[in-house]
Amino acid sequence: QVQLVESGGGLVQAGGSLRLSCAASGRTGSTYALGWFRQGPGTEREYVAGMSWSGLHTDYADYTKGRFTISMDNAKNTLYLQMNNLKPEDTAVYYCAARQRYLGVDEFKRPEKYDYWGHGTQVTVSS
C-alpha cells in the first residue's frame, strides 16, 4: 500500500503561482511512476503531468507546457507540481497518483493505470 497526501492548494489570482506537494508513504520502494491529474467543476478528471520515480522520464499535457513543472525529491518521497502563470481555467481539485509497476511514458496520461490516489487539493484561480 502507498499513501499519498497532497497539499499546497489555495486561492490565487490569475498570473500567480502555486506549488503543490504530494507526500508518499508506505511501500514507495516499488513505485514506478507518479502523476498529477485534476478535475474541475463539472468536468472529467484530466491528466496534468507524470514522471518516473527515478526522475528519468517526465511528460506533460499540452496545455501545461511552459507553465507547469513536475519534480521529485526522492529523499523526502515527495512529488511536486510547480504551477506558474495560472489561469482561471486551471481551477480544479488536483490529485496525485502512484503506479507500482512499469509504465511507458505514453501511458502516464491514463488514470486507469494508477494504483493509488490521494484525496486531492483544491486550486482556485480568480480572474
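Cys22 and Cys96 form a disulfide in this predicted model, with 1.9 Å between their sulfur atoms. Two cysteine sulfur atoms count as a disulfide when they lie within 2.5 Å of each other, and the structure holds one such bond. The torsion about the S-S bond of Cys22 and Cys96 is about 55 degrees, so this disulfide is right-handed. The bond links distant parts of the chain, as Cys22 and Cys96 are 74 residues apart. Cys22 belongs to strand E3, which covers residues 18–26, while Cys96 belongs to strand E9, which covers residues 92–99. As for solvent exposure, Cys22 and Cys96 are both buried.

Strand E3, which carries Cys22, also takes part in a sheet. This sheet is open and consists of four strands, in the order E1-E3-E8-E7. The strands pair in the antiparallel sense. At the edges stand strand E1 (2–7) and strand E7 (68–73), each of which pairs on one side only. From one strand to the next, the twist averages 15 degrees.

Within the sheet order, E3 is followed by E8. Strand E8 spans residues 78–83, and its antiparallel pairing with E3 runs over six bridges. To locate this pairing in the structure, one can begin at Ser21, which stands opposite Tyr80 in E8.

Strand E3 thus appears in both parts of the description: Cys22 in E3 is linked to Cys96 in E9 by the disulfide, and E3 pairs with E8 in the antiparallel sense.

Note on methods
Residues numbered from 1 in each chain as written. Predicted model: local features only at pLDDT ≥ 70, side-chain atom pairs only at ≥ 80, totals over all residues. Heavy atoms only, no water. Helix = DSSP H or I, 4+ residues; strand = E, 2+ residues; numbered from the N terminus. Buried < 20%, exposed > 50% of the residue type's maximum accessible area, 1.4 Å probe, protein only. Pairing = 2+ DSSP bridges. Axes fitted to C-alpha atoms, helices over the stretch in contact; angles between N-to-C directions.
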